[in-house]
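Here are some short exercises to work through with the model open in your viewer. Try each task before you read its solution.

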Amino acid sequence: WFGLCVTSMHSCQASERCVNTVGSFVCERTVTCPAGFQLRNQVCEDIDECMVRSHNCGQRFECENTEGSFLCNPKQRCLTGFTQDSHGNCIDINECSSLSDPCSAGFHCINTVGSYTCQRKVIMCSQGYHSSPDGTRCIDVDECQTGNHGCGEGQICHNLPGSYRCDCQTGYLYDALRQVCSDVNECWSYPGRLCAQTCENSPGSYQCSCTAGFSLAFDGKNCEDLNECDSSPCGQECANIYGSYQCYCRQGFYLKEDGHTCEDIDECSQSIGNLCVFQCVNIPGSYQCACPPNGYTMSTTGHTCRDIDECTTGVHNCSTEQTCSNVQGGYRCLSFSCPPYYRKVSDTRCERSGCPANSVDCQTSPLRITYYQLSFQINIVIPTQIFRIGPSPAYRGDNIAISITHGNEENYFSTRKLNSFTGAVYLQRQVTQPRDFLIDVEMKLLRQGAFTTFLARIYVFITSNTL
């Protein structure tokens, strides 16, 4: 059999070695050792050049084995800052190139024999710049921070590369002529645009304000109507209006000249008409009508007084023998009695019932006595007819004569014959105060040649005005 390795009938890689076997082959990995190593049992082992004496160290050097190589160490050491060359000579070490960052920032390295020195770097910077701490570059000087600027009071310093700028604060404008910052009057510069109502300039700014009746809104510009009524400026009622307020009073009061205080209206003294028929009583905000303390009651209207009929209601003190007669504002207790020789034929009439044969006075006395009650007010228009008298029935040919026989001593009354069978009684004098009269009016009737006398006994009550 020919070996497969010889005939190249194998599949070993280039890094493998083909080993022929009976009827086959084996691929073995080829081990190559680097310099300074040797193969032993398929393992690379370090060669000790110092032991096998394969080194090239001179007589002034000692061999020191290293992994894969060796070192030739001088038998005599050099001072600090020096190193030995391959011949054992001490040569200076350049620390500036061999050391990493031998000097701190801002310094550069200068080699010396056996050592080195650090010298500060010197860099020339333009005005407004200074060298960086490491001395490698120029950086800007912040004049605003260091205070080396010429900005005046009230100006704002802004740093620039290599310089600075002085700016005016908000609300100020630079005056190049005087080289100062002058206040800007915003109210003049922007009229009607900054404030809704009043603009007041202030140093560097402005202030909005409002006129009376308004308050400044939250935005500091617009004005809102102030509700003055919240502070109760009025005596009674307050109505808020735009920009102001108006005081007004309740019914029965009037607003005084100060525009705030309410004064009671005295309706009783200021009324053009008569509010009350008897008496007006002023009360705060209104008035009340009053009636006389006796004889009257207030009507449902509250303005007029109604007479109390004491005779009907029974609130009188007349005796059972007397007759109660109601008058305006009171009553009278009257006694209707008949004189001798008369008999009472009704509550108000007496008739002659018979006379003695020898009594001429009785035979000539009135045939009939009738009582009447008349009531009038004071200050009525005079003369006024208050009573008429005449025969009933009347006949053709009748003729009468009337006269007041009693009770007219002050001549308040008079009589007048209206025709042959009618007579009248008049009130001819003004009665200014309430007063009672009792007058006897006699009527003589001539009928068929004979005289008959009749007597009207009249109570005339003059009362106060109707309430």
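The structure is a predicted model, and the exercises below go through its sheets, cores and backbone geometry.

**Exercise 1. The six-stranded sheet**

Work out the strand order of the open sheet of six strands, and find which strands stand at its edges.

Solution. Start with the order, which is E31-E32-E33-E39-E38-E35, with mixed pairing. Next, look at the ends of that order: strand E31 (342-346) and strand E35 (399-406) each have a single partner strand, so one side of each is left without a neighbour in the sheet. From one strand to the next, the twist averages 30 degrees. Finally, zoom in on one pair. Strand E33 (residues 368-377) and strand E39 (residues 450-463) are parallel and share 10 bridges; along this pair, Leu374 is found opposite Val460 in E39.

**Exercise 2. The three-stranded sheet**

Find the strand order of the open sheet of three strands, then look at how E36 pairs with E37.

Solution. The order reads E34-E37-E36, and the pairing is antiparallel. E34 and strand E36 (413-419) are the edge strands, each with a single partner, so each has one side without a neighbour in the sheet. Ignoring direction, neighbouring strands here are turned by 30 degrees against each other on average. Between E36 and E37 there are six bridges, and Ser414 has Tyr426 in E37 as its bridge partner.

**Exercise 3. A hairpin**

Describe the connection between E21 and E22.

Solution. Strand E21 (residues 237-241) and strand E22 (residues 244-248) run antiparallel and are joined by five bridges. Ile241 stands opposite Ser244 in E22. Two residues separate the strands of this hairpin, and Gly243 in the turn has a positive phi of about 85 degrees.

**Exercise 4. The nonpolar cores**

Which residues of the largest nonpolar core touch the most other members, and which strands supply at least two residues of this core?

Solution. The largest core has 23 residues, and those touching the most other members are Ile386, Phe387, Phe413, Leu427, Ile458 and Val460. Strand E34 (384-389), E35, strand E37 (422-427), strand E38 (435-447) and E39 each give at least two residues to this core. Take Ile458 as an example: its contacts include Tyr372, Leu374, Phe387 and Phe437. There is also a second, separate core of 10 residues, with Val327, Tyr342, Ile369 and Tyr459 among them.

**Exercise 5. Two glutamates**

Decide whether Glu442 and Glu310 are buried or exposed, and look for a salt bridge at Glu310.

Solution. Begin with Glu442 in strand E38. Its relative accessibility is 17%, so Glu442 counts as buried, given that the cut-off is under 20%. Its contacts include Ala401, Ile402, Thr453 and Phe454. Now turn to Glu310 in helix H6 (residues 310-313). Glu310 is buried but has no salt bridge: Arg332, the nearest side chain of opposite charge, is 8.1 Å away, while the salt-bridge cut-off is within 4 Å. Among the residues Glu310 touches are His316, Cys324, Asn326 and Tyr331.

**Exercise 6. Backbone exceptions**

Most residues other than glycine have a negative phi, and most peptide bonds are trans. Inspect Pro383, Pro393, Arg53 and Ser232 against that background.

Solution. First, check omega. The bond from Ile382 to Pro383 is cis, with omega near -5 degrees, and Pro383 sits in the loop between E33 and E34. Ser392 and Pro393 are also joined by a cis bond, with omega about 0 degrees; Pro393 is in the loop between E34 and E35. Then check phi. Arg53 has a positive phi near 60 degrees and is exposed, at 69% relative accessible area. Ser232 has a positive phi of about 50 degrees, lies in the loop between strand E20 (223-225) and E21, and is exposed at 58%.

Terms used: Residues numbered from 1 in each chain as written. Predicted model: local features only at pLDDT ≥ 70, side-chain atom pairs only at ≥ 80, totals over all residues. Heavy atoms only, no water. Pairing = 2+ DSSP bridges. Helix = DSSP H or I, 4+ residues; strand = E, 2+ residues; numbered from the N terminus. Axes fitted to C-alpha atoms, helices over the stretch in contact; angles between N-to-C directions. Buried < 20%, exposed > 50% of the residue type's maximum accessible area, 1.4 Å probe, protein only. Lys, Arg positive; Asp, Glu negative; His and termini not counted. Contact = heavy atoms within 4.5 Å. Core = buried A, V, L, I, M, F, W, Y, C linked by side-chain atoms within 4.5 Å. Lists of a residue's contacts leave out its neighbours within four places in sequence.
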